[in-house]
Amino acid sequence: MAPKEILKIENLTTYFYTWAGVVKAVDGVSLDVREGETLGLVGESGSGKSVTALSILRIVPRPGKIIDGKIIYKGENLLAKTENEMQQIRGKEIAYISQDPATSLNPVFSIADQLTEVIRRHQNVTKEEALKKAIELFRLVEIADPEIKIWNYPHQLSGGMKQRIAIARALSCQPSLLLADEPTTNLDVTIQAQILELMKNLKKKLGMSMILITHDMGVVAGVADRINVMYAGRVCEVASTKTIFRNPLHPYTRALLEAVPNVAMKREKLKIIPGAIPNLISPPSGCRFHPRCDFAVAECASVVPPLVEIEPEHYVACIRAKEFMENGKGVKK
Amino acid sequence: MADVMKEKLLETPEKRRTDGVSQWSIAWRRFKKNKAALAGLIIVGVIIFIAIFSPIIARYPLNYLASFNEEGKIRVPPSSKYWFGTDYIGRDVFSQIVYGAGNVLYVGFGAAAIAMSLAIVIGITSGYLDGLVDNILMRITEIFLVIPFLLILLVFLRVAMTIAPSGVGGLTTVTLIIGLFSWAPNARIIRGEVLRVKQNEYIEAAVALGASKWRIMFRHVLPNVLHVIIVLTTLQIATAILVEAGVSFLGFGDPNSVTWGQQLQGASEAVKEAWWEGIFPGMFITLLVLGFNLLGNGLRDALDPRLRE
């Protein structure tokens, strides 16, 4: 009863050719998004989450380059498509919401202009029809007085409003897949909750799939169906949200969860992950997490751990995963 | 086009005006508060007015040897008959200044139009499409930046005047050459601005929503660098006017067109004896250039996003 995949990435490799050297931002990432699900892509900054999203749309900025892998969307490899074909897919099939709502809208155009532009780009409609659709979209993202607000310019709107509009614009052509790159990072906590709730509802209403990129474990817990944990350009662990929170097997996932402050915690010091994310020009050998890992053994420095299915639907890339699985949390350092 | 739709949806135009405040209307509000900028606008406006209505404003026909015909004298000092005196062949200086206004503005606007079109296309393409295109375009720009502008201008003007002697679009040749040789600094400034603008997420968003390169360059990037372009254009007009005056003064202009620079050249032989012959055209050049500079500075202050409240 394996659900159908809408997007399947195999061995995606995106490098940045900088003066300092080749930055291996995404190094052999494989993941899949199933129809109608929300996949949370979690990791620290610099773990390659955003670059993965940009690679899917093939808009990796220079000097970045996708050098290997396959991105199968609805059975077709996006990496084999021409630039023109990709322009037809961007915004229509796969939409993207960027981090900062404050700057994702063009300051010199009214909201109406920006929404109708996208609608007219991908759908064969007249200006009036596009405008009507834009107003409907405003209703969809729950903005009051859409007929008036639509003539506003971005500088007249609040951050939460702008992010709603960015979402409306992304949804304007009813994409099958939505890539949301930290859509709530720059918003107040209350607005954050509203936006997440809105996205959850819209996803259900429109029946699309979504990749939610975030570093916030709290956000994915509420929204994602499955979670994909990334570290230094590689996937560490993939499982359902429940499994990730109840039974994290990769030491990095555990560390991430332990670093989240908790009200129930007795004023302990927050656990932090020692060290910083490695330099991706010359990443550590073997498992990339081993220099910061509490459970590392000698072998970790030499063997690249493959992503193995430890229990059904739970994949871990750690050579000691079996041990962790059998002994629970009792494994000694 | 958008206005038509707006009116269809919102019955009252008043309502719409208060709801959507574009950056341009904010800029105009700021511009209005700036007295120096308004003065610049008025100076430029008055001179444009003079140029348009020159046959009515001028007191004698074009190139009419007023004092020479009537009194048999040249270089008559200012009087109620000849407000600014007469020149070395007896023409009324005031009337010649009035007739010259149109030519001066023609050179200014024409040269600026050519220079700015080149600068916009080269600046935006090179700034947005980095890599090889940028490299080639910027090296070409640098060549234009390092050649001594005035010298090459004089050489070209002399050559052009020899090939197409007097009459055959003499002033147009001057305009063309000034325009073709003064785009380079502007192209670099626009490119720099494009480099800044293209970092913005709304450009990334436009790419992610399926817009093509050309569409992004001229529909998303261009409007965001327009404030710089407007300022550069006004300053470019002022520069072109000065350059034309300069080359005309040196005797490389079009001798058959009346321009203020040409008048200065005629005056240069007798600066001590007939001060009026040079002072008045010189004052008008200064005034017009000052006007455009004030206008440019005012526009920059009004349009600069960093100064926005």
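Where in chain A does A:Pro63 lie? The legends below start there, and every view comes from a predicted model.

**View 1. A cis peptide bond sits at A:Pro63.** A:Pro63 is in the loop between helix 1 (49-57) and strand 4 (64-73) of chain A. Look at the bond that joins A:Arg62 to A:Pro63: omega is near 0 degrees, so to speak the cis form. Most peptide bonds are trans.

**View 2. Four strands of chain A make an open, antiparallel sheet.** Reading across, the strand order is 2-1-4-5. Strand 2 (21-34) and strand 5 take the edges; each has a single partner strand, so one side of each has no neighbour in the sheet. Zoom in on the strand 5 edge and you'll find strand 4 and strand 5 of chain A paired in the antiparallel sense over two bridges. Here A:Ile72 stands opposite A:Asn77, which belongs to strand 5 of chain A. Helix 1 of chain A lies across strand 1 (5-18), strand 2 and strand 4 of chain A, and runs at about 70 degrees to strand 2.

**View 3. Two residues of chain A have a positive phi without being glycines.** Most residues other than glycine have a negative phi. A:Lys74 has a phi of about 50 degrees, and its place is the loop between strand 4 and strand 5 (76-77) of chain A. Is A:Lys74 buried or exposed? Somewhere in between: A:Lys74 is partly exposed, because 16 other C-beta atoms lie within 10 Å. The other residue is A:Glu142, with a phi of about 60 degrees. A:Glu142 belongs to the loop between helix 4 (127-140) and helix 5 (146-149) of chain A. With 14 other C-beta atoms within 10 Å, A:Glu142 is partly exposed too.

**View 4. An open sheet of eight strands in chain A has mixed pairing.** The order to trace is 6-7-8-3-9-10-12-11. Strand 6 (94-97) and strand 11 (308-311) of chain A are the edge strands; each has a single partner strand, so one side of each is left without a neighbour in the sheet. From one strand to the next, the twist averages 20 degrees. For a parallel pair, pick out strand 7 (residues 177-181) and strand 8 (residues 209-214) of chain A, which are joined over five bridges. Within that pair, A:Asp181 has A:Ile213 of strand 8 as its bridge partner.

**View 5. Helix 13 of chain B bends at B:Leu222.** How far does helix 13 of chain B span between its end C-alpha atoms? The span is only 46 Å, while a straight helix of 37 residues would cover 54 Å at 1.5 Å a residue. The bend at B:Leu222 is about 55 degrees, and a proline, B:Pro223, follows within four residues. Just after the helix comes B:Gly251, with a positive phi of about 90 degrees.

**View 6. Chain B meets chain A.** On the two sides, 27 residues of chain B are in contact with 33 residues of chain A. The elements of chain B that put two or more residues into its side are helix 1 (2-9), helix 2 (13-19), helix 12 (201-208) and helix 13 (213-249). Helix 12 of chain B gives the largest share, six residues. Sorted by class, this side of chain B has 13 nonpolar, eight polar and six charged residues.

Definitions and conventions
Residues numbered from 1 in each chain as written. Chains lettered and ligands numbered in written order. Predicted model: local features only at pLDDT ≥ 70, side-chain atom pairs only at ≥ 80, totals over all residues. Contact = placed C-beta atoms within 7 Å. Nonpolar A, V, L, I, M, F, W, Y, C, P; charged D, E, K, R; others polar. Buried ≥ 20, exposed ≤ 12 C-beta atoms within 10 Å, placed from the backbone. Expected span 1.5 Å × (residues − 1). Bend = angle between axes of the 7 residues up to and from the residue. Pairing = 2+ DSSP bridges. Axes fitted to C-alpha atoms, helices over the stretch in contact; angles between N-to-C directions.
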